[in-house]
Amino acid sequence: MMHKVPPRIVVIGAGFAGLSAAITLADKGYSVTVVEKNKEIGGRARVFEKDGFTFDMGPSWYWMPEVMEKFFNQFAKSTTDYFELKRLDPSYQVIYGKDDVLAVPASYQALKNAFEEIEEGSSVQLDQFLAEAEYKYNVGINEFVHKPGLSISEFMDVKVIKAATKLDLLQSFAKHVRRYFKSPKLLQLLEFPVLFLGAVPKNIPALYSMMNYADIKLGTWYPMGGFGKLAQAMHLLAVEKGVAFKTNTAVQSIEVQAGQAKKVITAQGEIEADVVIGAGDYHHIDQHLLPKPLRNYSEKAGIKE
Ligand SMILES: Cc1cc2nc3c(=O)[nH]c(=O)nc-3n(C[C@H](O)[C@H](O)[C@H](O)COP(=O)(O)OP(=O)(O)OC[C@H]3O[C@@H](n4cnc5c(N)ncnc54)[C@H](O)[C@@H]3O)c2cc1C
């Protein structure tokens with residue numbers, strides 16, 4: 001139930017996480033202010049403009065387009081209201097060495113042919129590898145990613161528990177992929193997407209072959225005008241929903257009284273808040289902005305104090 005005076009929410013950070021939280025909450029009627037230390041919106045996906053040129057500062061691979069489409073659809077919008085998405089062909093190039101380049105084709109049959117040229121029999125293996133990856137993708141996205149994750153009970157469902165056992169959470173990605181392919185080139189091609197998760201394949205569960213399904217079957221897309229168009233679109237929607245933005249404003253600390261957020265402190269002054277959402281890097285919010293007794297991790301050991 002909405003309060004008469006909606007709680008004041010301060011979101012720290014205008015990256016995708018902060019923007020999506022701000023839009024969702026403003027849509028529900030909350031009063032939302034996003035505080036961003038940079039002068040640009042977008043966080044790691046912000047753009048740099050110089051002499052009429054625009055440079056994306058971070059992401060360039062636009063995968064799983066339905067995720068962002070679903071996000072905008074919640075607010076009766078579509079990505080097509082803001083930018084044109086094109087599937088790239090080739091999707092990207094893998095540069096193995098000088099004069100040794102594989103342009104990864106968008107067409108699955110063409111990719112299978114390329115696999116076969118590198119390792120005999122690998123195109124049949126690819127079918128099997130991706131059939132399994134597709135299962136993991138569908139279960140992962142529908143049964144896990146889109147759940148709010150507020151309670152373990154969300155996952156206490158026979159279908160989800162059964163599925164979890166088939167998700168390959170205990171085997172490493174590196175081991176999994178080697179059950180299908182031998183060629184170092186194919187292994188490199190299939191192992192690169194999991195690097196997006198910030199770890200090496202031997203430390204990532206085989207569940208994440210779902211990334212290969214996203215890559216190969218769902219494709220690599222590009223928002224015409226650059227990735228910054230996505231941040232711009234979310235910014236426009238946030239403004240339309242009434243979100244206020246304070247850019248060039250770094251939060252220095254979060255003040256909490258009796259377990260309740262009171263305000264955020266910036267060099268430009270204080271901003272009153274009933275709820276603060278930290279949408280910057282976890283380490284920074286936990287170690288630098290929260291009062292010491294409320295931190296989840298100790299500075300040295302990286303463990304809960
Ligand atoms: C070079 C590069 C390439 C990438 N390539 C891809 C790709 O191809 N495909 C893909 O999907 N992803 C890619 N990523 C990852 C993707 O860009 C990020 O996952 C995503 O942008 C993170 O969004 P976020 O909102 O979680 O965090 P961020 O974008 O980091 O947003 C956090 C925001 O909080 C602000 N902030 C932090 N502390 C404070 C403070 N104290 N006060 C005020 N503001 C604060 C920061 O300035 C920032 O704007 C890439 C990232 C990089 C860096």
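Helices (H or I, at least four residues) and strands (E, at least two) are taken here as DSSP runs and numbered from the N terminus. The model on display is a predicted one, in which local features need pLDDT of at least 70 and side-chain atom pairs count only at pLDDT 80 or more, while totals for chains, interfaces and linings use all residues. Residues are numbered from 1 along each chain as its sequence is written, and side-chain values use heavy atoms, with hydrogens and water left out.

**The whole chain**

Begin with the protein chain as a C-alpha trace, which spans about 65 × 50 × 40 Å along its principal axes. Colouring by secondary structure should bring up ten helices and 13 strands. Of the 305 residues, 41% count as buried, where buried means under 20% relative accessible area, exposed means over 50%, and partly exposed lies in between (1.4 Å probe, protein chains only).

**The ligand and its shell**

Next, select the ligand together with the residues near it, a residue being near if one of its heavy atoms lies within 4 Å. This selection holds 24 residues, and the closest are A17, E36, R44, W61 and V251. By class the shell divides into eleven nonpolar, ten polar and three charged residues; Ala, Val, Leu, Ile, Met, Phe, Trp, Tyr, Cys and Pro count as nonpolar, Asp, Glu, Lys and Arg as charged, and the others, Gly among them, as polar. Helices α1 (16-27) and α10 (282-289) each supply at least two residues of this shell.

Now look for polar contacts, that is, pairs of N or O atoms within 3.5 Å; within protein, one atom must be able to donate a hydrogen and the other to accept it, and residues adjacent in sequence count only if both atoms are side-chain atoms. At F16, a backbone N or O atom lies 3.0 Å from an oxygen atom of the ligand, and at K37 a backbone N or O atom lies 3.1 Å from a ligand nitrogen. For N38 the side chain is the part to display, since one of its N or O atoms is 3.3 Å from an oxygen atom of the ligand. Taken alone the ligand exposes 1000 Å², and the protein buries 71% of that, with accessible areas from the Shrake-Rupley method and a 1.4 Å probe; for residues, only the protein chains shown count as cover.

**T266 at the end of a strand**

Move to strand β11 (residues 260-266), in which T266 lies. T266 counts as buried, because its relative accessibility is 6%. A polar atom of the T266 side chain lies 3.1 Å from the backbone nitrogen of Q268, and a polar atom of that side chain lies 2.8 Å from the backbone oxygen of G269.

**Three loops with backbone features**

In the loop between β5 (85-87) and β6 (92-97), select P90, which is joined to D89 by a cis peptide bond with omega at about 0 degrees.

Continue to the loop between β6 and β7 (100-104), where D99 is placed. Although D99 is not a glycine, its phi is positive, at about 60 degrees; D99 counts as exposed because its relative accessibility is 73%.

The loop between β4 (53-56) and α2 (65-73) contains M64, whose phi is near 50 degrees, a positive value in a residue other than glycine. Is M64 buried or exposed? M64 is buried, because its relative accessible area is 16%.

**A last stop in α4**

Finish at A133 in helix α4 (residues 122-145), a residue that is buried, with a relative accessible area of 0%. The C-alpha atoms of A133 and V158, which are 25 residues apart along the chain, are separated by 21 Å.
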